[in-house]
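This report describes a protein chain as a bench biochemist might read it, from the overall fold to individual residues.

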Amino acid sequence: LGAAPALGQPDPSGIDFVTIGATGNRGYDGPDPNGLATGRGAVGYEYKIGRYEVTAGQWGEFFTAVAAQSQPLPWVTQPSIWHGTSPGPSLQMMPVGGVTWRTAAMYCNWLHNGKTTDRAGFMSGAYDVSTFGVDDDGVRTDQAAHSPGARYWIPTLDEWMKAAHYDPGKPNADGSVGGWWLYLSSDTPLRY
């Protein structure tokens, strides 16, 4: 989840954000067997991204607000991995997974509008839900990029890649600094 830069104060969303700087970084130039990442990840502005996944507790607060609506909200679906509103702090801290893009966009709208229970607060702010649909050719018409001035949004591929893999202090073989890790902060594959 992305957010606009802010001063050093707790975020009202309850999400722990980290600042991603190194504006003007170069795009990814490492191994790319499928040709999907080369040149991606260059971001020319500072932004914030959630340090951790959205938790079941945070998502439960959103779903409580959704349930308070007198009429169902379009596009809102339950995640495929969620512990619902189960009691107990350990379950509330578990990450949510399998959230549709449209539901995540409405979550961003809700955060942008101060966690309101007003229906309009789910329908616009970061994304204009009225654009969600499919044209005659079967192509989605959803607003792809967040609205200017959005306080919370779904990170773009470039924003996510930079946050997860770019390190402005990474030492390079040629003596320069700043570059891309193949894995999170390492070139060594993760072991599970």
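## Overall fold

In this predicted model, 59% of the contacts between residues at least 6 apart in sequence join residues at least 24 apart. The protein has five helices and six strands. Along the sequence these follow the pattern β-β-β-α-α-α-α-β-α-β-β. The C-alpha trace spans about 60 × 45 × 35 Å along the principal axes of the protein.

Of the 192 residues, 38% count as buried. The protein exposes about 11000 Å², and carbon and sulfur atoms supply 56% of that area. There are 12 positive and 18 negative charges, and the mean positions of the two sets are 5 Å apart.

## Nonpolar cores

In soluble globular proteins, nonpolar side chains tend to be buried together. Here the largest nonpolar core has 33 residues, of which Trp59, Phe62, Tyr107, Trp110, Phe122 and Tyr127 touch the most other members. Two or more residues of this core come from each of strand 2 (17-20), strand 3 (47-50), helix 1 (56-67), helix 3 (101-112) and strand 4 (152-153). Helix 3 gives the largest share, seven residues. Another core, of five residues, lies apart from this one and includes Tyr28, Ala37, Tyr166 and Trp180.

Tyrosine 127 can be followed through its contacts. Not counting residues up to four places away in sequence, Tyr127 touches Trp101, Ala105, Cys108 and Asn109, and also Phe132. Its other contacts on the same count are Gln143, Ala144, Ala145, His146, Ser147, Trp153 and Ile154.

Phenylalanine 132 lies in the loop between helix 4 (120-123) and strand 4. Is this residue, phenylalanine 132, buried or exposed? Its relative accessible area is 7%, and because the cut-off for buried is under 20%, phenylalanine 132 counts as buried. Leaving aside neighbours within four places in sequence, phenylalanine 132 is in contact with Trp75, Trp101, Arg102, Ala105, Tyr127, Thr141, Asp142 and Gln143. Trp101, Ala105 and Gln143 also appear among the contacts of Tyr127. Phenylalanine 132 and glycine 21 are 32 Å apart in space, C-alpha to C-alpha, and 111 residues apart in sequence.

## Helix 5 and the C-terminal hairpin

Helix 5 covers residues 157-165, and its buried residues are Asp158, Glu159, Met161, Lys162, Ala164 and His165. Those buried residues pack against strand 2, strand 3, strand 4, strand 5 and strand 6.

Strand 5 (residues 166-171) and strand 6 (residues 177-180) pair in the antiparallel sense over three bridges. Together the two strands form a hairpin with five residues between them. Glycine 175, in the turn, has a positive phi of about 90°. Proline 171 stands opposite valine 177 of strand 6.

A further proline, proline 168, is found in strand 5. Which residues does proline 168 touch, not counting those up to four places away in sequence? They are Ala22, Val177 and Gly178. Proline 168 and threonine 23 are 145 residues apart in sequence, with 9.7 Å between their C-alpha atoms.

## Loop residues

Alanine 22, touched by proline 168, lies in the loop between strand 2 and strand 3. Alanine 22 has a positive phi of about 50° although it is not a glycine. Lysine 115 also has a positive phi, of about 60°, and is not a glycine either.

Serine 70 is another loop residue, placed between helix 1 and helix 2 (89-92). Serine 70 and arginine 119 are 49 residues apart in sequence and 8.9 Å apart in space, C-alpha to C-alpha.

The accessibility of these loop residues is set out below.

| Residue | Loop | Relative accessible area | Class |
|---|---|---|---|
| Alanine 22 | strand 2 to strand 3 | 31% | partly exposed |
| Serine 70 | helix 1 to helix 2 | 79% | exposed |
| Lysine 115 | helix 3 to helix 4 | 22% | partly exposed |
| Phenylalanine 132 | helix 4 to strand 4 | 7% | buried |

Serine 70 is classed as exposed because its relative accessible area, 79%, is over 50%. Lysine 115, at 22%, counts as partly exposed.

How values were computed: Residues numbered from 1 in each chain as written. Predicted model: local features only at pLDDT ≥ 70, side-chain atom pairs only at ≥ 80, totals over all residues. Heavy atoms only, no water. Core = buried A, V, L, I, M, F, W, Y, C linked by side-chain atoms within 4.5 Å. Buried < 20%, exposed > 50% of the residue type's maximum accessible area, 1.4 Å probe, protein only. Helix = DSSP H or I, 4+ residues; strand = E, 2+ residues; numbered from the N terminus. Contact = heavy atoms within 4.5 Å. Areas by Shrake-Rupley, 256 points an atom, 1.4 Å probe, with all protein chains shown as cover. Lys, Arg positive; Asp, Glu negative; His and termini not counted. Charge placed at Lys NZ, Arg CZ, Asp CG, Glu CD. Pairing = 2+ DSSP bridges.
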